[in-house]
Protein chains: 2
Amino acid sequence: MTPLPVKALVFDVFGTVVDWRTSVAREVAAAARTIGVETDGLALADAWRGEYAPAMQRVARGELPWTVIDDLHRAALDALLPRFDLAGLDEAARAHLNRAWHRLNPWPDSVAGLARLKRRFVIGTLSNGNVALLVNMAKHAALPWDVIFSAESFRAYKPDPRTYDGAASMLRLEPGEVMLVAAHNNDLAAAQARGLATAFVPRLTEYGPAQEKDLHPEGDWDVVAPDFETLADTLLHGS
Amino acid sequence: MTPLPVKALVFDVFGTVVDWRTSVAREVAAAARTIGVETDGLALADAWRGEYAPAMQRVARGELPWTVIDDLHRAALDALLPRFDLAGLDEAARAHLNRAWHRLNPWPDSVAGLARLKRRFVIGTLSNGNVALLVNMAKHAALPWDVIFSAESFRAYKPDPRTYDGAASMLRLEPGEVMLVAAHNNDLAAAQARGLATAFVPRLTEYGPAQEKDLHPEGDWDVVAPDFETLADTLLHGS
């Protein structure tokens, strides 16, 4: 591999760095128990996540004004709770559960891999999560970011070009000096179209054991690695 | 002292966290030596810094389009070099010297104080420095920020209210839950006017041994501390 002139790595977060599905499911189950209900936390997590892309698309199409993910999450949660026998959760419980997205747990290799990569590269988020969510998550999960880039920073959601362009511009780097690390082929394709370098780290159970998408690279990505430790090996030692 | 409901601390950076004057002077002297010139590095540092507020004011008044500090610094540097017998510095040397502002050294108490404060609070910058400058400085000086807020994030320079409001809004906190830490009374006054809590940490030699301003608190600040270690004592233990 010829060395890339990469100086900064920006990371997709939901699914790539943290395991939203089991983290959210655990908090759903805990919330349900407080009102004496048994529910399927994984199913609610999947349904909640399922509302995510359509909600951002409504913002992108101008059908909704600019709205941060915390508020999109909350609207989706309120709509979903009755279907899961959780309409009895009060305002405080709903607000707390909505912030489960601020308390997602990292994949086992995430923190160690990021710590190693941070020694050589600027490392940052490039996430559709809002700034407060990403900052609180970093405290919770000990993610050692140098910089938080959020859709909120650019008032546009990935895959809008303004997000990829904006991260490179604020770092005062050429697009090719910035590498997007993501578990999602569509995110990498959009970044590559803007000139960013790309690293694919598949997360084979992000959507559960029956996951069917993003199991394999679907583009000509600069690096493919099974986890962040291997990504660090490749980028730091070229092996 | 009754405990403040503060959840996040945002810091002025130039002068408050880092000692720009001696850091820049040292790099000026080194650059001068490369072309066989002896010059007064401290005088150039002072003159360079002196161009800072007027340049930002030209942006604020709309006489200049939005321009980041890196570019304001560079224009000021090019204008100043002949007066200091440094017109012979070539493009590469000027670009490197301009980035001296990315390599400023912290005051002796800064890193230890921030590390302690980070355990309890979200800690971030709220600086007129641009994002790349602040990120590179954090790497250089081991400043453990949770989040980088820059004038660039809001396309407005302090003391514009959008900067203080924007930091609180992006953290999804009430203004009173955010404390500005600064060595400058005027910055604190502007923050207090927007509802932020305030901590004054005077830096008595920021402008050199003959400094005459910002030696004492000139407002009703919530906390006054002589350094970041004492600030941590006060905010963590109420002593």
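Begin with the interface between the two chains of this predicted model: select the interface residues of chain A, and then those of chain B, where 100% of the interface residues of chain A are interface residues too, so the copies meet through the same surface. In this selection you should find 15 residues from chain A and 15 residues from chain B.

Staying on the side of chain A that touches chain B, pick out α7, β5 (147-150) and α8 (151-154) of chain A, which are the elements that give two or more residues to it. Of these, α7(A) supplies the largest share, five residues. Coloured by class, this side of chain A divides into nine nonpolar residues, one polar residue and five charged residues.

Next, superpose the two chains: a turn of 180 degrees, with a shift of 0.0 Å along the axis, lays chain A on chain B with an RMSD of 0.0 Å. The two copies are therefore related as by a two-fold rotation axis.

Now hide chain B and select the domains of chain A, for which the assignment gives domain 1 as 8-17 + 107-237 and domain 2 as 20-102. The centres of these two domains of chain A, taken over C-alpha atoms, are separated by 24 Å. Where they touch, 16 residues of domain 1 of chain A are in contact with 12 residues of domain 2 of chain A.

On the domain 1 side of that contact, select helix α7 (residues 131-141) of chain A, which gives the most to it, with four residues. Colouring the side of domain 1 of chain A that touches domain 2 of chain A by class shows five nonpolar, seven polar and four charged residues.

Terms used
Residues are numbered from 1 along each chain as its sequence is written. Chains are lettered from A and ligands numbered from 1 in the order in which they are written. This is a predicted model: local features need pLDDT of at least 70, side-chain atom pairs count only at pLDDT 80 or more; totals for chains, interfaces and linings use all residues. Domain bounds come from an automatic or database domain assignment. Two residues are in contact if their C-beta atoms, placed from the backbone, lie within 7 Å. Ala, Val, Leu, Ile, Met, Phe, Trp, Tyr, Cys and Pro count as nonpolar, Asp, Glu, Lys and Arg as charged, and the others, Gly among them, as polar. Copies are superposed by least squares on the C-alpha atoms of residues with pLDDT of at least 70 in both.
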